Amino acid sequence: QEWEDGQRKGKSKVVCGYPLSIFFIVVNEFCERFSYYGMRAVLVLYFKYFLRWDDDLATSIYHTFVALCYLTPILGAIVADSWLGKFKTIIYLSIVYAVGQVAMAVSAIHDITDSDRDGTPDSMTFHIVLSMVGLFLIALGTGGIKPCVAAFGGDQFGEHQDRQRRTFFSVFYLCINGGSLLSTIITPVLRAQECGIYSKQKCYSLAFGVPAALMVVALVVFIIGSGMYYKAEPQGNIMLDVCKCIGFAIKNRYRHRSKQYPKRQHWMDWAEEKYDKLLIAQIKMVLKVLFLYIPLPMFWTLFDQKGSRWTLQATTMDGNFGALVIQPDQMQTVNPILILTLVPIMDSLIYPLIKKCGLNFTPLKRMTVGMLLAAIAFVCAALVQIQIDKTLPTFPSTSQSQLKLLNMGSNSVTVKLPGNDALILPAAQVYPFINNSEIVENQAITFVGFTDYFLVYFRFVNGMKTAVNVSTAAADFGLIEPFYYSNYSQIKNGKATFTLRSGSQSCEYSTNFGFGSSYTFFIHSTLVFGSNCQDSVTAVEDIKPNSVHMALQIPQYFFITAGEVMFSVTGLEFSYSQAPSNMKAVLQAGWLFTVAIGNFIVLIVAELAKIPKQWAEYVLFASLLVAVCVIFSIMAYFYTYIDPTEIEAQFKKKINEDDEDDKSKPGKAEVEMVKRDSIKCHDEYDKATQTKM
Ligand SMILES: CC(C)C[C@H](N)C(=O)N1CCC[C@H]1C(=O)O
């Protein structure tokens, strides 16, 4: 260890107690996350509008890609820990990654196959194949290097630099979120540009090209730091050894299942006859941590719903922030923004304060609190949903019909519907009515989804004896025959001025459209062209504008992000500090695997969840996480923190001593030696594992 620390010191300059090499690693992470999240931000739109896929296919391929990105870390970690080492793995896989990004950018150049120059690609197959190859390479690259970069950063710190290493993981997380925040703002703007050689189209190639360039920058920065890094050597095909050792322990235990054989402390001890005790101890460390990870995907299941359920929730809310109008999916940027503020606050204020109060806020306690905060976030989401539900229109149930009675005449009329009392409908008035008997076929018009959040629906009903043409400065909505209605059209929300025209005569009608609203405008028979027609048009709200403000989502974002800081930043560092030296990247991959499983659970839940009330689904998720959190805290209570470096050093020392011993006492019975070693090993192991949760 001293030799290794010496190596570290000799390699890199130290600035304020931190090795300078760390600078290159965090800048690399910043650029890489910019590249990844930037490309991801426009991916679904690329599928839909460039490749012309339907929503279902676009969504499935998108989620499969994201899940793959969190599965490939296992591959990268195995290659790094067993074969190439972290440094070379990062270099090689970054090249694969950059090639993938370039392939995506090229696949989005429509001119390549647009021989008739009409602005659309002639051979979609070329673009689809190239982009799928690109995505596969990106998933391999981003996932492959992710556990290696985090663990490689951790490797740069010596035995007694725990505090600095913890700060490194916080800064590392800040870089992840700084990069992602910047790119999710920039790439949609790049996509909105128009570009092309023969014809101008939305510039997906630029939106993918800039992330590709950032990946090249990430690689160059990482290579520049090359001379300063401490590069731990890979120790042979460790994963194969691990698998064989576990397999042997299970087989050996099964062979000796009879009561006549004495029990061993741990089932892995059944591998002692054949395998190195150091390896067995290292496997025990890894298994202990992996076991602890079992409940963790639930946190990510809730976390990942920011991008789905919470964004859909935002579509039913009012995004008007004065000078700024926020799109529902833009609300997600609140997460990285809060990360950038909360990580420093936690590190420099909250944690030291808790320590000052004499509380031992261990990593596993932090993770537990993080989970609880995520559950609180979902309770907040449920409360917001209840508010929204109060403002939503009442749609007819399956046994009901919705009618809208419109009196176009100039006298009031009496309306009698079967099974209902008679009602008097005044002239030029509309009466919305849900009828329990099925007079007309069950039908309800609902406007769901947000192809564009800024668009609202409207239609006109003409109560005049002459045909009326309706237009705005930007569009003509056509002629409406007397006593007839137009189809629904879309218009941007905000103020709109309609021109109503009959022959050469016209008048103007202005109104304000709120987010998510839909209107039927009724033109009275009394309208006089040439004068102000404001009073001769009645606006009937088919769907009320969204009235619950998007700012109400901020508390839920705050809690989920505070939870993420406690859970994820701590988990990242915990996975490093508790891993044996030869399996650091493997445990990082195990940690990322919990993110992948969490994503899969979201996919399954989205398919299976049949809870009619959204707020109830939020409460269900919050309760599930609390239940999982209780299980996790019990598991964490029994977990004993270890110092892998110390354990490994003790084992190495003892093995050396035994070698010396064996040389001096040849012919000692092997069985006895195994027994004695086993007892000693347990002692060493127990000594180094003392702290509880
Ligand atoms: C979704 C945000 C842009 C990023 C998020 N706060 C985050 O940092 N992560 C989500 C999964 C793990 C981690 C990451 O490494 O990207």
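Is Cys16 buried or exposed, and how many other C-beta atoms lie within 10 Å? The legends below start there.

**Figure 1. Cys16 sits in a loop between two strands of this predicted model.** Strand E1 (14-15) precedes the loop, and strand E2 (18-19) follows. Cys16 is exposed, because 5 other C-beta atoms lie within 10 Å, and a residue with 12 or fewer counts as exposed. Its phi is near 50°. That value is positive, in a residue other than glycine.

**Figure 2. Arg52 occupies the loop between H2 and helix H3 (55-71).** Phi of Arg52 is near 65°, again positive in a residue other than glycine. Is Arg52 fully or partly exposed? Arg52 is partly exposed, with 14 other C-beta atoms within 10 Å. Helix H2 spans residues 21-50.

**Figure 3. Lys613 lies in the loop between helix H15 (584-608) and helix H16 (614-637).** With 13 C-beta neighbours inside 10 Å, Lys613 counts as partly exposed. Asp118 is 495 residues away along the chain. The C-alpha atoms of Lys613 and Asp118 are separated by 47 Å.

**Figure 4. The ligand has a shell drawn from two domains.** Which residues surround the ligand? They are Tyr37, Ile176, Asn177, Ser180, Asn335, Pro336, Ile339, Glu564, Ser568 and Val595. Three helices each give two or more residues to this shell: H6 (162-192), H12 (334-356) and H14 (554-577). By class, the shell holds 5 nonpolar, 4 polar and 1 charged residues. Domain 1 (1-234) and domain 2 (276-390 + 548-639) each supply at least three residues to the shell.

**Figure 5. The largest nonpolar core has 143 residues.** Phe299, Ala374, Phe378 and Leu625 have the most contacts inside this core. Helix H2 (residues 21-50) contributes the largest share, 16 residues. The core takes at least three residues from each of domain 1 (1-234) and domain 2 (276-390 + 548-639). Another core, of 18 residues, lies apart from it. Among the residues of that other core are Val470, Ile480, Leu500 and Val537.

**Figure 6. Phe299 is shown with its contacts from beyond four places in sequence.** What does Phe299 touch once its neighbours within four places are left aside? The partners are Met371, Ala374, Phe567, Gly598 and Leu625. Of these, Ala374 and Leu625 are listed with Phe299 among the residues with the most contacts inside the largest nonpolar core.

**Figure 7. Confidence varies along the protein chain.** The chain averages a pLDDT of 86, and 89% of the residues score at least 70. Among its elements, helix H7 (residues 204-224) has the highest mean pLDDT, 97. Helix H18 (residues 670-687) has the lowest, 45. Over residues 437-451 the pLDDT stays under 50. The model has 19 contacts beyond four places in sequence for that stretch. Residues 685-691 are also below 50, with 12 contacts beyond near neighbours in sequence. The model scores ipTM 0.97 and pTM 0.81.

**Figure 8. The whole protein chain gives the setting for the close-ups, with 18 helices and 19 strands.** Of its 693 residues, 40% count as buried. Take the contacts between residues at least 6 apart in sequence: 76% of them join residues at least 24 apart.

Conventions:
Residues are numbered from 1 along each chain as its sequence is written. This is a predicted model: local features need pLDDT of at least 70, side-chain atom pairs count only at pLDDT 80 or more; totals for chains, interfaces and linings use all residues. A nonpolar core is a set of buried Ala, Val, Leu, Ile, Met, Phe, Trp, Tyr and Cys residues joined through C-beta atoms within 7 Å. A residue is buried if 20 or more other C-beta atoms lie within 10 Å of its own, exposed if 12 or fewer, and partly exposed in between; C-beta atoms are placed from the backbone. Helices (H or I, at least four residues) and strands (E, at least two) are DSSP runs, numbered from the N terminus. Domain bounds come from an automatic or database domain assignment. Two residues are in contact if their C-beta atoms, placed from the backbone, lie within 7 Å. A residue is near a molecule or strand if its C-beta atom, placed from the backbone, lies within 6 Å of it. Ala, Val, Leu, Ile, Met, Phe, Trp, Tyr, Cys and Pro count as nonpolar, Asp, Glu, Lys and Arg as charged, and the others, Gly among them, as polar. pLDDT is the predictor's confidence in each residue, from 0 to 100.
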